[in-house]
Amino acid sequence: MSSLNRYWSVVPAAGVGSRMAAAVPKQYLHLHGKTVIEHTLSRLCNHPQMSGVVVSISAGDEHWQQLDLSSHNNIHVATGGVERCHSVLNGLQLLSGFADENDWVMVHDAARPCIHHDDLSHMIDVLKDHPVGGLLGLPMADTMKRSNAAGEVLETVSRENLWRALTPQMFRLGQLQQALQVALADAFLVTDDASAIEYIGLKPRLIAGRGDNIKITRPEDLSLAEMYLAQQEKS
Ligand code: C5P
């Protein structure tokens, strides 16, 4: 059964990256010889089990067309939306034009260029026969505090069984599409894909991922990602 599985990737890449305070959206910043988005898309495209990639690009984006990857045979372009969840749904809708509803889709942030093939392969191994799907995560290492709006500690939250949600997040195409539609119809703007699957009552599986799969969010993340990419090249 699992040998018949097909795997696709949908990459939301329509954010503006306001926390980077840079002149271009963060996915177009240069890092270790190419742009952030080129690292991300090449890693996904070059994985031996990946059938193809859909990338969601903002309607007013002037940078995408300038990349060689924009004419890649196996990269299809959908239009980005107002929030990440809209960009993902647009990508899934485009994908459903040529993929089967039971195919697996890995949704992966364009802003995570250090995604390693080992993480992708491990995720496929763990989830290929899973009834729901799941996501990469990292168990919390720090002590967790909840504050009020003034920054005063209200409580210390136990970090037992507490994870940071990373991407890729891998679900069946039809089920993820349906889950996102239900969440959006209820005006629930999910910040990751697993939240939509949880919303329809299912339990995604968490899989411990690599710690170098960081999301470029703040200026200091660029040099960290640069270091991780250089390290990965050596090992
Ligand atoms: O802003 P944040 O880092 O949470 O965005 C995660 C990913 O979602 C990024 O790759 C970003 O480009 C994408 N995104 C999108 N459409 C939006 C907002 C964010 O595709 N409207």
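**Notebook: surface patch, cores and a hairpin**

I started at the surface, where Val182, Phe188 and Tyr199 make a nonpolar patch of about 230 Å². I note here that the model is predicted.

Next I looked up Tyr199. I found this residue in helix α5, which covers residues 193-199. Is Tyr199 buried or exposed? Neither label fits: Tyr199 counts as partly exposed because its relative accessibility is 37%, and that class lies between under 20% for buried and over 50% for exposed.

Then I turned to the interior. The largest nonpolar core has 29 residues. Which of them touch the most other members? I listed Ile37, Leu41, Val55, Trp64 and Met170. I also checked which elements supply at least two residues each to this core. The strands are β1 (7-12), β4 (50-57), β6 (104-107), β7 (133-139) and β10 (163-172). The helices are α1 (36-45) and α3 (117-127).

I noted a second core, separate from that one, with 25 residues. Val10, Leu89, Val107 and Leu180 are among them.

I went back to Trp64 for its contacts, setting aside neighbours within four places in sequence. Trp64 is in contact with Ile37, Leu41 and Val55. Tyr28, Ile57, Leu69, Ser70, Ile75 and Val77 are also on its contact list.

Last, I looked at strands β8 (residues 144-147) and β9 (residues 153-157). They run antiparallel, and 4 bridges join them. Ser147 stands opposite Val153 of β9. The two strands form a hairpin, with 5 residues between them. In the turn, I found that Gly151 has a positive phi of about 85°.

Technical notes:
Residues numbered from 1 in each chain as written. Predicted model: local features only at pLDDT ≥ 70, side-chain atom pairs only at ≥ 80, totals over all residues. Heavy atoms only, no water. Patch = residues over 30% accessible without salt bridge, like charges linked within 9 Å, V, L, I, M, F, W, Y side chains within 5 Å. Areas by Shrake-Rupley, 256 points an atom, 1.4 Å probe, with all protein chains shown as cover. Salt bridge = Lys/Arg side-chain N within 4 Å of Asp/Glu carboxyl O. Buried < 20%, exposed > 50% of the residue type's maximum accessible area, 1.4 Å probe, protein only. Core = buried A, V, L, I, M, F, W, Y, C linked by side-chain atoms within 4.5 Å. Contact = heavy atoms within 4.5 Å. Pairing = 2+ DSSP bridges.
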